[in-house]
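Biologist: I would like to go through this model with you, one question at a time. Please give the reasoning before each answer.

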Amino acid sequence: MNSSLLLSAATFIYALASVFYIGSFSFKKQAFARLGFWVIVIGLMANTGGILLRWVESYHMGYGHAPFSNMYESLVFFSWTVAALYVFVEIKYTESIIGVFVSPLIFLGIAYASFDPSITSKITPLIPALKSNWLIAHVITCFLGYAGFALAFGFSFMYFIKPKDPEARRLFAKLPDWDTIDELTYQMIVFGFLFLTIGIITGAVWANSAWGKYWSWDPKETWSLITWFIYAIFLHLRLMRGWHGKNLAIVSIIGFLGVMFTYFGVNFLLSGLHSYA
Amino acid sequence: MFFASVKLTIYTLVLLVLTSIIGTVVLQNASPEAYIRLYGPGLYNMIQVLDLDRMYQAWWYLLLMVVLCVNIVVCSIDRLSVTWKIIFPKKLSINPQRFEKTKNRQQFECQLPMDHIASKAKQVIARRAGKVVEKTDEKGLLLYAEKGRWSRLGVYVVHSSVLMLLAGALIGSALGFKANLRLDEGQAADTVFDTHTRLPIKLPFTVRCNDFQVKFYDTGAPDEFKSSLTILENNQESFSEDILVNHPLRYKGINIFQASYGASTPDEALFEITDSETGTIETQTIKNGGVVQLPAGAGTFTFEGFLPHYDFNGHDLGEAFIGRLDTTPGRNIQIALPTKFPTFDKMRKGRFTVEVKSWDHAYYTGLQVTKDPGVPFVYTGFLLMIIGCWVTFFVSHQSVCIGLEQTGSGSTRVWVAGRANRNAQSTNLTVKKLVKELKDVSGK
């Protein structure tokens, strides 16, 4: 048993969960969504096991570091945080079908890590810049933020699928009501916003102790700030201007595009200090 | 009023989003040549006019920040007086009508006389929600409790943290600097050069690099690099400290970071010169800048210098010695001797071939020297921002009210309702729990 085996297993389990959730959505069968939930829980266990095992393996190789050091490891952790947060939300709010757009995101993250040939899954030693206790705090908080936004994105998407027309609504009868979707989206964004804030701050404090500058307008930093601004706009629109529903869902989707660009776009399209992941 | 509107906040934030993108796409802080090569002279003129080459310091970008700050200040002052009255009311008034339309309101009949259930209800609500205020009206008794009034201040904390951060940034850019310093092993310096302006900055002490060490993983990637530094004041050694990446030296408000390293020019090296015509091989130790005679009096060889990165047709061949062959009148060529490729000079196919046999490996350490008196303000801002966000989003001002109305000699109508300025979910939960406990104590 090694970590890559467990993580591949997690990939396929998440794929299965997505199939169940989408099936439940398409065939209007609540039972599929129930099944999907348990499959995600199993996937999450495999994912957790994979990450822990990889951590142990890095010690056996003599490098000994938390598995947050490159694109592969960050994608695996991204799927983990989204899955973990989703499981928590589904238990807390007992709305199962909301996983229909979230479960594919969980699958895509970890699948992209395994299938893109340019992303290496090899355990590599830590470069000097990453040798810091801030690594774990920074990565965990940022990814909790990303996970909150990913869920908010998944929920916002429902505004564009769920029909307003009461006749057609019967087909989607199992989807939660608009108020619940609105509240869930807001809760997830508040959660994401708090953790993105802490993530940016831990990054700044770390940069100050590694490079002597807490802010250098590096593309990664700038884009994380842009994302932060977008969600700040979201919060002001909702709390101060009374926006809700579809219009606000569009802002949430734009925000998630910002997250995606901060996460991937900056690394693939722009160059900067933050070149590991 | 213009500056008190949330609309302005939103437009400013949208503008900040859109303009911030520009700086991640357009090259920043590069030389004019680089811009002309990339964008052509026409576009470069436009970039210069709009300050896009140092966008985040451009006047119009800073103006957006100033507008945001003024907006925050005006909005906060505008609203704080109202919030203050809510948080510190002169007299707490309990208005049962405010609880009438709440979604979480629940009502039930209990078979106990009113004063009996009232004493129990007081205990229940006090345990769940804190200090209880009682009020008797024509209908019966009202029990009111609340918590988290102060949490309404959270949002002001968040906004003041933004001001604190920007104040810190302003102080840093006015009184701080960021500079580079390159020290060979054994070398000392008390002047550094600003990264952007290249102007010299005198430090209040002297830094000496005693030793530099680099460790590699078996993969060849650098594992750790370390400079051993000594701080000298008035020509006296103050203290010594090793610095690594992520472990800087901080002294008298100045921070010294391990940033990079490279091979420094050796003082002397052992060269082997082969004369392909006669087959003579001579080895000589030459000092940097030194000149030696070539075999058979054919000319001279000079050790001219050393490059940490020798560029050969666009390829970085790494460290290389630079020499000059001065043979019979008029023939004078510069040759490069990359240390990774000892036989490199043979490719030149000249009469004399030079090879570097050995030298003392010495390193220089690349240090980044910074001073930023704004950091304490920025860090305070960070702390306030996290605390403020937490309070704003996760603590709410909750109030719950229990109403008791006598409906018969031995029966009472009980209603429970709660309100909150946000996070209705948790208030609903509190109400549910209160109802359950009340039903328990009333024997239902």
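Biologist: How many residues does the contact take from chain B, and how many from chain A?
Modeller: The model is predicted. A residue pair counts as touching if the C-beta atoms lie within 7 Å. The contact takes 36 residues from chain B and 34 residues from chain A.

Biologist: Which element gives the most to the side of chain B that touches chain A?
Modeller: Elements of chain B that each supply at least two residues there include the strands β7 (222–233) and β10 (254–263) and the helix α6 (375–394). The most, 11 residues, is given by α1(B).

Biologist: By class, how many residues on that side of chain B are nonpolar?
Modeller: Three residues on the side of chain B that touches chain A are charged, and 10 are polar. The nonpolar residues there number 23.

Biologist: Which helix gives the most to the largest nonpolar core?
Modeller: The largest nonpolar core has 133 residues, and A:V82 and A:L151 have the most contacts inside it. Among the residues that A:V82 touches are A:V102, A:A147 and A:L151. With 18 residues, the helix that gives the most to this core is α7 (residues 178–210) of chain A.

Biologist: What distance separates the centres of domain 2 and domain 4 of chain B?
Modeller: In the domain assignment, domain 2 of chain B is made of 89–148 + 396–441, and domain 4 covers 268–360. Taken over C-alpha atoms, their centres are separated by 94 Å.

Biologist: Which residue takes a positive phi just after α1(A)?
Modeller: Helix α1 of chain A covers residues 3–27. Just after α1(A), a phi of about 55 degrees is taken by A:K28.

Notes. Residues numbered from 1 in each chain as written. Chains lettered and ligands numbered in written order. Predicted model: local features only at pLDDT ≥ 70, side-chain atom pairs only at ≥ 80, totals over all residues. Domains from an automatic or database assignment. Helix = DSSP H or I, 4+ residues; strand = E, 2+ residues; numbered from the N terminus. Expected span 1.5 Å × (residues − 1). Core = buried A, V, L, I, M, F, W, Y, C linked by C-beta atoms within 7 Å. Buried ≥ 20, exposed ≤ 12 C-beta atoms within 10 Å, placed from the backbone. Contact = placed C-beta atoms within 7 Å. Nonpolar A, V, L, I, M, F, W, Y, C, P; charged D, E, K, R; others polar. Lists of a residue's contacts leave out its neighbours within four places in sequence.
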